[in-house]
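Please open the model in your viewer and keep the selection tool at hand. This tour goes from one selection to the next and says at each stop what there is to find.

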Amino acid sequence: MINMTETWNSFLSPATPDADYGSGSGSGHGDYDFDAPCDKSIVRQFRMFYEPPFYLLIVILGFMGNLLVLWIYTHFKNRLRTMTDVYLLNLALADLLFLCTLPLWAVDAMKGWAFGTALCKGTSALYKINFFSSMFLLTCISVDRYVSIVQSTKAQNSKELRLACSKVVCVFVWLLAIILSIPEFLFARTKVDSEGNQFCTMVYWNNQNNQTKILVLALQICMGFCIPLLVMIYCYSVIIRTLLKAKNFEKHKALRVILVVVTVFILSQLPYNSMLVIEATQAANTTITDCAEAKGFDIATQIMKSLAYMHSCLNPFLYAFVGVRFRKDLIRLYRKYGCTPSKSGKHGPLRSSVMSDTESTMAFSL
């Protein structure tokens, strides 16, 4: 049998290969309840061939997009003039730090964990910190868009205060993410399975009815998905209603961007969080007792986890490059470094990249 405790950890700390998905020994000790040993070597083989190339794609795309965001912010020193700008900068940093952990998980998928317990704890915690901070920052961006569009007059009259508040909010977001990563520091460690393969996983304290595991699962689902999703749906629903009443605005483009943002978030995060709900149910009351069903669940969980990771490389394109300012700034940089011919002589000097909050809300427009 195999321990379902570690299957959940592929999202909390995506370093649960052998414990999660089995090394083929079928001699685990966990939430599955099989009548006979279950050979799950096919799950490990799937992970070995599936994860490394997929993670490589995520890393390449993610670094390209997020480094471009950082490049623009560092080049244009006066770029951070709105709350969303501050959130986007922190979001890019969080995504980049998260992407730095994926090569370790790719190696782990192929050869097992060979980096020691300290790096196991640190890398797992780093992943969790940046996962939560990303989710919270996406929530902050939706709230800022709500204030800028629905309460535009109030937003214009308090730009400086809102900008200062955004920096305080970012500090709070990172601190909260660190607090929520405490389970990784406490429970992440290296283990060796029955075949001698070493892996990094979450090893919870022995407690009745898996209470610690269920609590960590509930925290992950609520703080990392449910609350951000509810806030985003509320904010964007009110924004859509406001835009539909507006005049002299390209509403169809703004609505299209909102729809894409919410749809991508749901499609990337809902499937895996649904698997986590099943995982919590499994921890509370064993429901998967068939070996074939367990293997199918583990493979599906692996695929859903990878889709959730895709959000880190899509964020720059969903939240930054849809904006007019970012696209113009990117063109300026390309022209400055000779990537495209300069047209400043024809169209006059380039404008400052800084625009008002009201103009920044037009970032919805493609």
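Begin by selecting Cys-120, which counts as buried at 0% relative accessibility, where buried means under 20% relative accessible area, exposed means over 50% and partly exposed means in between, all with a 1.4 Å probe and the protein chains only. Before going further, note that this is a predicted model, in which local features need pLDDT of at least 70 and side-chain atom pairs count only at pLDDT 80 or more, while totals for chains, interfaces and linings use all residues. Residues are numbered from 1 along each chain as its sequence is written, and side-chain values use heavy atoms, with hydrogens and water left out.

**The disulfide**

Keep Cys-120 selected and add Cys-200, because the two are joined by a disulfide with a distance of 1.8 Å from S to S, a disulfide being a pair of cysteine sulfur atoms within 2.5 Å. By this rule the count comes to one disulfide. The link of Cys-120 and Cys-200 is right-handed, with 75 degrees about the S-S bond. It connects distant parts of the chain, since Cys-120 lies in helix 5 and Cys-200 in strand 2 (residues 198-202), 80 residues apart. Helices (H or I, at least four residues) and strands (E, at least two) are DSSP runs, numbered from the N terminus. Cys-200 is buried, with a relative accessible area of 0%.

Now select Cys-140 and look for the closest cysteine sulfur, which belongs to Cys-170 and is 6.7 Å away, too far for a bond. Cys-140 is buried, at a relative accessible area of 15%, whereas Cys-100 is partly exposed, at 43%.

**Helix 7**

Next select residues 159-180, which form helix 7: its 22 residues reach 31 Å from the first C-alpha to the last, close to the 32 Å expected at 1.5 Å a residue, where the expected span is 1.5 Å times one less than the number of residues. Colour the buried residues of helix 7, which are Arg-162, Leu-163, Ser-166, Cys-170, Val-173, Trp-174, Ala-177 and Leu-180. Why do they lie on the same side of helix 7? They cover an arc of only 130 degrees around the axis, which puts them on the same side, and this arc is that of the directions from the helix axis to the C-beta atoms. An α-helix has 3.6 residues a turn, so residues three or four places apart point the same way. Then turn to the face of helix 7 that looks away from its buried side, where you will find the exposed residues Glu-160, Leu-161, Val-168, Phe-172, Leu-175 and Ile-179.

**Helix 12 and the cavities**

Move on to helix 12, where His-311, Ser-312, Cys-313, Asn-315, Pro-316, Leu-318, Tyr-319 and Ala-320 are buried. With eight of its ten residues buried, helix 12 is largely enclosed by the rest of the structure.

Helix 12 also leads to the cavities. On a 1 Å grid over the protein atoms alone, a cavity is a set of points where a 1.4 Å probe fits but cannot get out, and lining residues have an atom within 4 Å of a point. Grid points are joined across faces, edges and corners, and a volume is the space filled by probe spheres set on the points. By this rule there are three cavities of 30 Å³ or more.

The largest cavity holds about 130 Å³ of space. To find it, select Phe-98, Phe-131, Met-135, Ala-308 and Ser-312, which are the closest to its centre of the 14 residues that line it. Helix 4 (83-111), helix 5 (116-150), helix 11 (291-309) and helix 12 (311-320) each supply at least two residues of this lining, and helix 5 gives the most, with five residues.

For the second largest cavity, with a volume of about 50 Å³, select Asn-66, Val-69, Leu-88, Leu-91, Ala-92, Asp-95, Asn-315, Pro-316 and Ala-320, which line it. Helix 3 (41-75), helix 4 and helix 12 each supply at least two residues of this lining, and helix 4 gives the most, with four residues.

**A last stop**

Finally, select Val-216 in helix 9 (residues 211-245), a residue that counts as buried at 6% relative accessibility. Add Ala-280, which is 64 residues apart from Val-216 along the chain, and compare their C-alpha atoms, which are separated by 9.4 Å.

Key. On a 1 Å grid over the protein atoms alone, a cavity is a set of points where a 1.4 Å probe fits but cannot get out, and a pocket is an open set with protein on both sides within 12 Å along at least five of seven lines; lining residues have an atom within 4 Å of a point.
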